[in-house]
Amino acid sequence: MSDEDRQRWNARYRQGRHAGEEPWDALVQLAEHLPAEGRVLDVAGGAGRHAVWMAQRGLDVTLADISEAGLALAVAAATVRGVEVRVCTVDLEQDPLPPGPWAAVVCCAYLQRDLVPSIAAALAPGGRFLWVHPTVTNLERHAKPSARFLLERGEASGVVEAAGLRVLMAEETWVGDADSARHVSRVVAERA
């Protein structure tokens with residue numbers, strides 16, 4: 001990402017234009033696929049709504065994101081809830097992931113296909129990758145995000161398998177209330 005992207009995301013978080021503090025139902029519904037303990041990386045997790053939720057479940061969570069403002073919100077939210085979340089400012093298009101091995105890596109609503117092999121390599125043996133991202137079907141109800149930022153139908157499983165991970169669960173479905181529902185691909189994959 002460019003410095004312009006970093007500034008745009010920082011402004012967005014400072015203005016309170018982000019998803020809020022509650023974790024996305026699309027991820028919460030996959031809770032059974034998270035490890036019971038261990039180190040978890042939240043990739044591009046912004047203000048930490050998923051990182052804090054996972055820390056409340058007893059996981060050792062690191063949140064990696066480009067926005068310092070988002071990461072500051074994550075630390076504050078974790079403090080209020082009495083948990084700890086480590087944060088790491090990283091430009092995922094240029095910098096390596098924080099070093100693993102990770103018991104799980106979670107990525108919600110961030111699309112960088114060429115990052116998936118690095119995620120696979122960072123997982124511990126038996127580690128899981130949980131990926132939740134909107135698909136082009138979402139355009140049937142919502143004009144944004146544009147197709148450029150969406151997965152094609154059936155694409156996520158192929159991207160994950162090409163990175164050498166074994167798909168344990170894959171589905172595409174509408175998640176959320178009728179008016180605000182998003183069509184997402186949800187993949188849970190495991191490193192051998």
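Which residue just after α6 takes a positive phi? Keep that question in hand while touring this predicted model; the stop at α6 returns to it.

**The sheet**

Begin by selecting the strands, seven of which form an open sheet with mixed pairing, in the order β3-β2-β1-β4-β5-β7-β6. The edges are β3 and β6 (166-175), each of which pairs on one side only, and from one strand to the next the twist averages 15 degrees. Next, select helix α4, residues 68-80, which packs on the sheet and touches β2 (60-65) and β3, with a direction that makes about 175 degrees with that of β3.

Now move to β4 and β5, which run parallel and are joined by six bridges. To find one place in this pairing, select W102, whose bridge partner in β5 is L123.

From β5, continue to β7, where the two strands run antiparallel and seven bridges join them. Here P134 can be selected together with V184, its bridge partner in β7. V184 is worth keeping highlighted, as T173 also stands opposite it. The pairing of β6 with β7 is antiparallel too, and extends over nine bridges. These two strands form a hairpin with six residues between them, and in the turn G176 has a positive phi of about 115 degrees. Colouring β7 by accessibility shows a strand that is mostly covered, with eight of its nine residues buried.

**Helix α6 and the residue after it**

Select α6 (155-162) and display the side chains of E155, A156, S157, V159 and V160, which are buried. The elements that cover the buried residues of this helix include α5, β5, β6 and β7 (182-190). Stepping just past the end of α6 brings up G164, which answers the opening question, with a positive phi of about 90 degrees.

**The loop between β1 and α3**

Go next to the loop between β1 (39-43) and α3 (49-56), and select A44. Its phi is near 55 degrees, a positive value in a residue other than glycine. Most residues other than glycine have a negative phi, and most peptide bonds are trans. A44 counts as buried because its relative accessibility is 19%, under the 20% limit for that class.

G45 is found in this loop between β1 and α3 as well, and with a relative accessibility of 15% it also counts as buried. What does G45 touch, not counting residues up to four places away in sequence? Its contacts are L63, A64 and D65. A distance drawn between the C-alpha atoms of G45 and L63 reads 6.1 Å, although the two are 18 residues apart along the chain.

**A109, and two cis peptide bonds**

Another positive phi in a residue that is not a glycine is found at A109, where the value is about 60 degrees. This residue is in the loop between β4 and α5 (116-122). Is A109 buried or partly exposed? It counts as partly exposed, because its relative accessibility is 48%.

For the cis peptide bonds, select G100 and P101, which are joined by one with omega of about 5 degrees. P101 is found in the loop between β3 (85-89) and β4 (102-108). Then select K144 and P145, also joined by a cis peptide bond, with omega of about -5 degrees. P145 is found in the loop between β5 (123-134) and α6.

**The nonpolar cores**

Finish in the interior with the largest nonpolar core, which has 29 residues; L34, M54, V61, V85, V106, L130 and V132 are those that touch the most other members. Two or more residues each are given to this core by α2 (25-28), α3, β2, α4, β4, β5, β6 and β7, and the largest share, five residues, comes from α3.

Centre the view on V85 and show its surroundings: leaving aside neighbours within four places in sequence, V85 is in contact with A51, V52, A55, V61, L63, V75 and A78. The last selection is a second, separate core of 28 residues, which includes Y110, V116, A122 and V187.

Conventions. Residues numbered from 1 in each chain as written. Predicted model: local features only at pLDDT ≥ 70, side-chain atom pairs only at ≥ 80, totals over all residues. Heavy atoms only, no water. Helix = DSSP H or I, 4+ residues; strand = E, 2+ residues; numbered from the N terminus. Buried < 20%, exposed > 50% of the residue type's maximum accessible area, 1.4 Å probe, protein only. Pairing = 2+ DSSP bridges. Axes fitted to C-alpha atoms, helices over the stretch in contact; angles between N-to-C directions. Contact = heavy atoms within 4.5 Å. Core = buried A, V, L, I, M, F, W, Y, C linked by side-chain atoms within 4.5 Å.
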